[in-house]
Amino acid sequence: MPSDLIMFGYHLYLHPNFEGSYFKGHVKITIIAYNLSHDITLHASENLDISAADITVQTNTELEWYAVISVKPGTARKVFPCLDDSYNKTSFSISVARRKSSDLNIISSSAKVSTTENKDDPDYVWENFEELPQILPSSFGLVITDLQKQDSRTAPDFEDSEPGVINLYGQQNINALLNTVVQQLNFQQQYIGQSIRMTNINIIILPNFMSTRTAWGLILIPEMDAGNKLQVINELLNLWFDHLISPRPNVTSIRSVINSFFLHQQGVVPWEPSYFMYYSCATPELDKTHIPTTENMRKIEWLLRMLNYSLSEDTFSSGFKRFMLDRLYSIYSDEDLWYFLMKEGYLQEILDETFTIEELADIWLGTQRYPIVTVTRNYEDKKAIISQHTFIKQRPHTSSENETLWIIPIMYLSPSNLDTSKMRTSAWMNNEKEVNISGLPGSDDFIIVNPEEIGMFMVNYDPQNWNLLSDYLQSGTSPEIPALTRAKLLHDAWNIGYSGELDMTTALDLTLFLPHEKNSAVWSPFLNLVDHIHRLISGTSVEPKFVKYILKLLSTQSQDEDWVYSNLCAYGYEPYVAKGRESYNKWMNSNEKSLDYDVSVRDLCNALKWGSYEEYEFGLQQLQKYPDNNADLSEKRSFLLSALAACPLHAEKTNSLLKLVFQDEPHRFSRNDVYAVVSQFSNHATGWTTWYDFLSDNWNPISDRYKNDDLVWKEMIKLATQHFITQEGLDKVKALHLAHERDFGSAESEIQAAEIKGMQEVKWSNKNLAAMEAWLDRNLQQ
């Protein structure tokens with residue numbers, strides 16, 4: 001059923017005829033249609049004889065009536081002939097014919113100035129509206145409605161400009177909405193340094209309207225969104241950046257994030273670093289043909305934030321005001337903003353004149369990678385050498401990636417100043433491998449470069465600075481390091497430790513303050529990285545001690561928090577594991593044992609991971625009962641299959657699944673099923689080591705069946721060989737290669753990559769595993 005049709009009710013009349021074994025009757029169906037619909041399709045069995053059908057349309061006189069003209073860029077031609085692909089703005093006048101007897105309101109993008117006779121049709125008059133300044137055809141809007149004006153406010157004053165009027169139309173007066181608009185408009189005018197220059201801002205709350213829209217002087221809001229403060233502020237910002245000034249189509253990337261930048265500046269939405277972007281861009285191989293749109297947007301938003309800090313808020317704001325003044329009633333592009341920020345930066349002597357903001361932006365936005373900055377301090381001279389290179393988290397590392405150099409602002413906090421609003425840029429790295437800075441604090445004080453994740457780069461330090469940071473965090477000394485900066489320190493240390501550029505014991509030292517940390521924003525990126533490290537070291541003697549330490553840390557937090565509960569379950573906290581297994585066992589012991597099971601993914605994995613073999617075997621039995629090609633149950637089957645592969649921590653369970661899929665019932669599992677099973681083995685050493693052994697023992701039948709299916713075969717070899725990190729594991733990879741050296745086909749590159757990666761993983765393990773185990777032994781005893 002279309003989304004604009006809502007079922008309201010059935011009234012069924014049945015007349016059974018027992019002698020003739022049939023029934024007759026009729027049904028009255030009531031449907032609310034929010035939009036005109038010429039056809040409504042009902043469902044009926046082919047055996048049902050329908051003798052007649054009719055439709056009665058009743059207009060709900062309580063609903064308000066309206067017509068809207070609001071066009072998107074490039075589509076104004078659908079309303080009137082125009083040059084709607086032009087980049088040139090021009091003045092705009094409008095007159096609308098209204099029947100003399102009509103009491104409908106005609107609300108346009110400007111104020112009505114007069115009513116004149118219509119000589120062509122004496123039953124109508126012309127409603128004439130104030131001429132608009134230079135706008136695009138797509139900035140024109142018009143609403144004809146019987147909705148009434150509920151309230152009006154005078155727009156906030158700005159310098160010598162004539163304040164406009166903010167009008168609210170709708171079925172009810174929403175004072176809170178008008179208050180929000182006045183408050184936000186005042187902030188925006190002060191920050192932008194301009195009056196909004198619209199004589200009227202007409203806000204119309206439309207019943208049954210599908211989405212918010214704006215035009216010059218018009219904000220159209222669906223009634224269901226009228227209480228959404230964030231939505232209202234967004235639409236107000238659209239008046240500035242789509243209509244007062246307008247983006248050059250297809251080339252203005254800042255338009256996609258400028259609203260969210262303002263929302264952060266106003267404190268309406270807190271800034272949350274997109275840590276996931278580091279991970280997707282720190283793999284040895286990148287897909288350079290496709291960069292996700294959301295990732296591009298986050299990079300642009302991050303860039304604006306970095307410039308706002310590095311140039312200082314005052315300088316950035318001044319540059320933005322100059323940009324708005326220059327582009328008033330005109331078209332803008334990224335380069336326009338970069339130019340005026342650069343000019344203001346030069347004027348305030350904050351920006352190094354050896355580069356431009358456009359050059360800086362091109363490097364950050366045109367490169368998929370991110371840099372890591374390393375700070376090596378000379379404590380006697382109060383100086384430091386700061387170097388940069390491309391950050392590659394996962395092995396194997398390649399030297400060719402170290403060629404990119406970024407333009408990087410160097411800003412730092414110290415114990416004497418932990419207020420980010422008072423920071424100033426100490427130096428710029430202008431495509432330089434290395435720079436020197438001086439005037440640093442003494443040997444007893446740490447520094448934190450790039451606090452609050454201001455720029456898109458991680459920071460490594462010399463051992464002494466890391467130790468000073470760890471000691472300060474544990475001491476609880478005031479002033480406190482800001483929460484986002486505490487999160488960044490953990491995030492950087494554990495990422496860099498994973499990459500091998502920092503000892504993991506240093507990263508572990510930085511966790512010693514966590515028993516006193518109650519802010520989930522600090523814990524969140526850390527726990528994500530704990531999962532990364534846990535997967536890396538799984539199957540080693542360090543793993544059980546590592547898990548025990550993480551459980552010890554988590555146990556210091558309020559177990560009423562969902563994130564605490566989830567992680568305690570994931571790491572095997574017995575009381576929660578038992579609770580999580582209850583729903584699975586309820587399914588297992590039920591009479592029906594429905595294939596449409598009511599067990600959450602978390603509880604399903606808990607039972608298969610920590611439960612008995614009997615519980616796991618029940619899952620296998622249920623898997624075999626799913627009928628082929630049943631769309632209604634396919635999702636449940638997929639979840640169960642993935643959980644059976646991903647969750648077990650015992651080889652006996654995984655072997656049972658492999659035996660079922662590849663030997664007992666191979667005809668029941670498609671290539672997609674096989675791919676899904678094998679790809680889940682990266683979660684834990686149980687998966688990949690059991691798969692390695694099974695593949696080695698059954699090489700011929702598996703290779704005969706899948707060797708010519710490049711996608712599946714490569715995944716099979718990759719998952720069997722590319723996760724070992726010890727010498728013993730590397731030897732197993734080499735043994736498999738030697739045993740079948742002429743039989744890998746398209747996966748030859750995968751086995752070769754596994755050996756190269758394995759050698760680097762062994763170096764990481766030799767450097768870290770024994771040291772981590774000793775550290776954990778000491779700290780678990782305390």
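**View 1. Arg197 sits partly exposed in a loop of this predicted model.** The relative accessible area of Arg197 is 36%. That value lies between the 20% and 50% cut-offs, so the residue counts as partly exposed. The loop that holds Arg197 runs between helix 1 (175–192) and strand 13 (200–206). Look at the backbone here. Phi of Arg197 is near 60°, a positive value, and Arg197 is not a glycine. Most residues other than glycine have a negative phi.

**View 2. Lys382 also has a positive phi.** Its value is near 60°, again in a residue other than glycine. Lys382 belongs to the loop between strand 18 (371–378) and strand 19. With 41% relative accessibility, Lys382 is partly exposed.

**View 3. Strand 19 pairs with strand 23.** Strand 19 covers residues 383–390. The two strands run in the antiparallel sense, and 4 bridges link them. One residue to find is Ile385, which stands opposite Asn436 in strand 23. Now follow the side chains of strand 23 (residues 434–437), which alternate. Which of them are buried? Val435 and Ile437 are, and they point to one face. Glu434 and Asn436 point to the other face and are not buried.

**View 4. A cis peptide bond joins Ser478 to Pro479.** Omega of this bond is near 5°. Most peptide bonds are trans. Pro479 is part of the loop between helix 9 (463–475) and helix 10 (483–499).

**View 5. Phe241 and Phe262 form one of the 39 aromatic pairs in the structure.** Their ring centres are 5.5 Å apart, and their planes meet at 45°. An angle that is neither under 30 degrees nor over 60 counts as tilted, so this pair is tilted. Phe241 lies in helix 2 (residues 229–244), and Phe262 lies in helix 3 (residues 258–265). The pair therefore ties together parts that are 21 residues apart in sequence. Both rings belong to buried residues. The two also take part in an aromatic cluster, whose members include Phe187, Tyr191, Phe261 and Phe316. Phe320, Phe323 and Tyr332 are also among its members.

**View 6. Tyr573 and Tyr576 make an edge-to-face pair.** The centres are 5.1 Å apart, with 85° between the planes. Are these two residues buried or partly exposed? Tyr573 has 26% relative accessibility, so Tyr573 is partly exposed. Tyr576 has a relative accessible area of 13%, so Tyr576 is buried.

**View 7. Leu237 is a buried residue of helix 2.** Its relative accessibility is 0%. What does Leu237 touch? Leaving aside residues up to four places away in sequence, Leu237 touches Gln188, Asn259 and Phe262. Take Asn259 as an example. Leu237 and Asn259 are 22 residues apart along the chain, yet their C-alpha atoms are separated by 6.3 Å.

**View 8. Glu344 is buried in helix 7 (residues 334–347).** Its relative accessibility is 6%, under the 20% cut-off, so Glu344 counts as buried. Glu344 touches Thr315, Ser318, Gly319 and Arg322, with residues up to four places away in sequence not counted. Ser318 is 26 residues from Glu344 in sequence. In space, the C-alpha atoms of the two are 6.9 Å apart.

**View 9. Several helices cover the buried residues of helix 16.** Helix 16 takes in residues 601–610. Its buried residues are Asp603, Leu604, Asn606, Ala607, Leu608 and Lys609. The cover includes helix 14 (562–570) and helix 15 (574–588). It also includes helix 17 (613–623), helix 18 (631–646) and helix 19 (651–664).

**View 10. Helix 25 has a kink of about 35°.** The kink is centred on Ser765. Helix 25 has 34 residues, from 748 to 781. How far should the helix span at 1.5 Å a residue? The expected span is 50 Å. The end C-alpha atoms are 47 Å apart, which agrees.

**View 11. The whole protein sets the scene for the close-ups.** The protein has 25 helices and 25 strands. Of its 782 residues, 50% are buried. Among contacts between residues at least 6 apart in sequence, 69% join residues at least 24 apart. The accessible surface comes to about 37800 Å², and 48% of that belongs to carbon and sulfur atoms.

Definitions and conventions
Residues are numbered from 1 along each chain as its sequence is written. This is a predicted model: local features need pLDDT of at least 70, side-chain atom pairs count only at pLDDT 80 or more; totals for chains, interfaces and linings use all residues. Side-chain values use heavy atoms; hydrogens and water are left out. Buried means under 20% relative accessible area, exposed over 50%, partly exposed in between (1.4 Å probe, protein chains only). Contact means heavy atoms within 4.5 Å. Accessible areas come from the Shrake-Rupley method with a 1.4 Å probe; for residues, only the protein chains shown count as cover. Two strands pair if DSSP finds at least two bridges between them. The expected span of a helix is 1.5 Å times one less than its number of residues. The bend at a residue is the angle between axes fitted to the seven residues ending there and the seven starting there. Rings of Phe, Tyr and Trp (its six-membered ring) pair if their centres lie within 6.5 Å; planes under 30 degrees apart count as stacked, over 60 as edge-to-face and the rest as tilted.
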